[in-house]
Amino acid sequence: MSLNLRIVSPEKVEFVGQVDRVVVPGTSGEFEILANHAPIISTLDNGRIAFFDSEGEHEVKTTGGFVEVQKNNVNVCVEL
C-alpha cells in the first residue's frame, strides 16, 4: 500500500505522486508517516521533508508549514 503525497508552497506545487513513506519535521519532533497512518494535522518546523518512492529518496527543505494525513492522503503546505 502507498501514500498519495502532495507538497505545495506559495509559489508552486512542489510534488504530487505515490510514495512509500514520508518523514516530516514536526514542531514537536521529526516523525514518519506510513500507509494507514492515523489521521493527524501537525505544524512543521524548519528542516527537510524526505519522501521515498521506487526511485529512492527525495527531499524538500522547508522553513515551516503544516501537514495533514487522512486515509492515505498526505497534504503538506510548506514555506521554502
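Buried means under 20% relative accessible area. A salt bridge is a side-chain nitrogen of Lys or Arg within 4 Å of a carboxyl oxygen of Asp or Glu. The legends below use both terms and describe a predicted model.

**View A. Asp53, a buried acid without a salt bridge.**
Asp53 belongs to strand 6, which covers residues 47-53. Asp53 is buried, yet no salt bridge involves this residue. Arg21 is the nearest side chain of opposite charge, and Arg21 is 10 Å away. That distance is to be read against the salt-bridge limit, within 4 Å. The Asp53 side chain does reach a backbone atom: the nitrogen of Glu55, at 2.8 Å. Apart from neighbours within four places in sequence, the contacts of Asp53 are Gln18, Val19, Asp20 and His58.

**View B. Phe51 and its surroundings in strand 6.**
Phe51 also has its place in strand 6. Its relative accessibility is 3%, so Phe51 counts as buried. Which residues does Phe51 touch, not counting those up to four places away in sequence? They are Leu5, Ile7, Phe15, Val19, Arg21, Val22, Gly56, Glu57, His58, Glu59 and Val60. Pro10 gives a distance for reference: Phe51 and Pro10 are 20 Å apart in space, C-alpha to C-alpha. In sequence, 41 residues separate Phe51 and Pro10.

**View C. The aromatic pair of Phe15 and Phe51.**
The structure has 1 aromatic pair. The ring centres of Phe15 and Phe51 lie 4.4 Å apart, and the planes meet at 40°, so the pair is tilted. Phe15 sits in strand 2 and Phe51 in strand 6, so the pair ties together parts that are 36 residues apart in sequence. Are these two residues buried or exposed? Both Phe15 and Phe51 are buried.

**View D. Strand 1 and its two pairings, with strand 2 and strand 9.**
Strand 1 spans residues 3-8 and strand 2 spans residues 13-19. The two pair in the antiparallel sense, over 6 bridges. A hairpin of 4 residues joins strand 1 to strand 2. Strand 9, residues 73-79, runs parallel to strand 1, and 5 bridges join the two. Arg6 can be followed in both directions. Its bridge partner in strand 2 is Val16. In strand 9, Arg6 stands opposite Asn75.

**View E. The salt bridge of Glu32 and Arg21.**
Side chains of opposite charge can pair when their charged atoms come close. The count for this structure is 4 salt bridges. One of them joins the side chains of Glu32 and Arg21, at 2.6 Å from N to O. Glu32 lies in strand 4 (residues 29-33) and Arg21 in strand 3 (residues 21-26), so the pair ties together parts that are 11 residues apart in sequence. How exposed are the partners? Glu32 has 35% relative accessibility, so it counts as partly exposed. Arg21 is partly exposed too, with a relative accessible area of 29%.

**View F. A salt-bridge network with Glu59 among its members.**
The side chains of Arg48 and Glu59 meet in a salt bridge of 2.6 Å, N to O. Arg48 lies in strand 6 and Glu59 in strand 7 (residues 56-62), so this pair ties together parts that are 11 residues apart in sequence. Arg48 is partly exposed, at 32% relative accessibility. Glu59 is partly exposed, at 38%. Glu59 also forms a salt bridge with Lys61, at 3.3 Å from N to O. Lys61 has 57% relative accessibility and therefore counts as exposed. Salt bridges with shared partners join Arg48, Glu57, Glu59 and Lys61 into one network.

**View G. Positive phi at Asn36 and Lys71.**
Where does Asn36 lie? Asn36 is in the loop between strand 4 and strand 5, the latter covering 40-44. Its phi is near 65°, a positive value in a residue other than glycine. Asn36 is exposed, with a relative accessible area of 60%. Lys71 is in the loop between strand 8 (64-70) and strand 9. The phi of Lys71 is near 50°, a positive value in a residue other than glycine. Lys71 is exposed, with a relative accessible area of 70%.

How values were computed:
Residues numbered from 1 in each chain as written. Predicted model: local features only at pLDDT ≥ 70, side-chain atom pairs only at ≥ 80, totals over all residues. Heavy atoms only, no water. Buried < 20%, exposed > 50% of the residue type's maximum accessible area, 1.4 Å probe, protein only. Lys, Arg positive; Asp, Glu negative; His and termini not counted. Polar contact = N/O pair within 3.5 Å; in protein donor to acceptor, adjacent residues only side chain to side chain. Contact = heavy atoms within 4.5 Å. Pairing = 2+ DSSP bridges. Phe/Tyr/Trp six-rings, centres within 6.5 Å; stacked < 30°, edge-to-face > 60°.
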